[in-house]
Amino acid sequence: KLATHLDDSTIFCFQEVSGTQLSILCHFFYDRHFYYVGIGDLAVFFHYKTFTMTGVHGNNFPSIAKSDELATTFTAEQLQRLATRKKHFLGVHLTHNSTGRHITVVTTHIIANPKLNELKVLQVVALVKLFQSGPTVICGDFNSLPSSAQIKAINDGKINTHGTKATKTLDIVASIDVVPSIKTKFRALRS
């Protein structure tokens with residue numbers, strides 16, 4: 001079934017990929033001129049005749065919370081909370097070989113526990129902040145409803161807690177302008 005959706009410009013993002021699954025996927029994709037980048041249970045496959053990889057940023061949330069990359073975005077309390085669950089993210093920076101256009105493809109697997117919605121929001125805001133320059137596509141298993149604050153952060157570039165049971169953490173995050181124009185940047189890439 002996967003082969004029917006395959007063309008030179010397709011980029012695949014996978015989450016929860018085990019070693020055996022990854023081995024099978026690598027064999028399948030390599031025969032079709034795709035390379036992959038992976039970390040933890042995540043993988044991104046891209047056609048190496050169509051795209052050149054210009055960089056990779058893969059890590060886990062606890063490590064990134066302890067670095068300086070998000071120090072101006074979050075409070076110390078929020079960084080501590082972000083460091084509590086070891087979930088990975090992977091950003092692959094690609095250049096289209098024919099057009100020279102750049103795109104970053106990000107994949108992640110966000111914490112699943114519905115009691116940890118605040119942490120989900122922090123993880124998504126961290127992702128969007130880390131990958132806000134240039135056209136970016138964020139993919140993943142967000143373990144979230146389309147109407148959730150974390151999905152709205154990706155779609156709208158901000159978190160609006162109006163009309164919800166906002167907690168202290170969400171109130172603090174609500175003041176963050178996540179990324180002003182992620183949709184605009186993606187539209188520019190497509191045109």
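Guide: Contact, in what follows, means heavy atoms within 4.5 Å. The model is predicted, so local features need pLDDT of at least 70 and side-chain atom pairs pLDDT 80 or more, while totals for chains, interfaces and linings use all residues. Residues are numbered from 1 along each chain as its sequence is written, and side-chain values use heavy atoms, leaving out hydrogens and water.

Visitor: Let's start with helix H1: what span should its twelve residues have at 1.5 Å a residue?

Guide: Helices (H or I, at least four residues) and strands (E, at least two) are DSSP runs, numbered from the N terminus. H1 covers residues 19-30, and its end C-alpha atoms are 16 Å apart. That agrees with the expected span (1.5 Å times one less than the number of residues), which for H1 is 16 Å.

Visitor: How big an arc do the buried residues of H1 cover around the axis?

Guide: Buried means under 20% relative accessible area, exposed over 50% and partly exposed in between (1.4 Å probe, protein chains only). The buried residues in H1 are Leu22, Leu25, Phe28 and Phe29. They sit on the same side of H1, because the arc they cover is only 130°.

Visitor: And which strands do those buried residues pack against?

Guide: Exposed Gly19, Thr20, Ile24, His27 and Tyr30 lie on the face turned away from the buried side. The buried residues themselves pack against E1 (11-14), E2 (34-39) and E3 (42-47).

Visitor: Val37 is in strand E2, so what is its relative accessible area, and does that make it buried or exposed?

Guide: Val37 touches several residues beyond its neighbours within four places in sequence, among them Phe46, Met53, Val56 and Leu90. The C-alpha atoms of Val37 and Val56 are separated by 8.2 Å, though they are 19 residues apart along the chain. The relative accessible area of Val37 is 12%, so Val37 is buried.

Visitor: How many disulfides are there?

Guide: A disulfide is a pair of cysteine sulfur atoms within 2.5 Å. The cysteine sulfur closest to that of Cys139 belongs to Cys13, and at 3.7 Å it is too far for a bond. Cys139 counts as partly exposed, at 22% relative accessibility. The disulfide count is zero.

Visitor: Which strands stand at the edges of the four-stranded sheet?

Guide: Strands pair if DSSP finds at least two bridges between them. This open sheet runs E4-E5-E6-E7, with mixed pairing. E6 (residues 102-109) and E7 run parallel, joined by six bridges. Two strands have a single partner each, so one side of each lacks a neighbour in the sheet: E4 (51-60) and E7 (136-141).

Definitions and conventions: The arc is that of the directions from the helix axis to the C-beta atoms.
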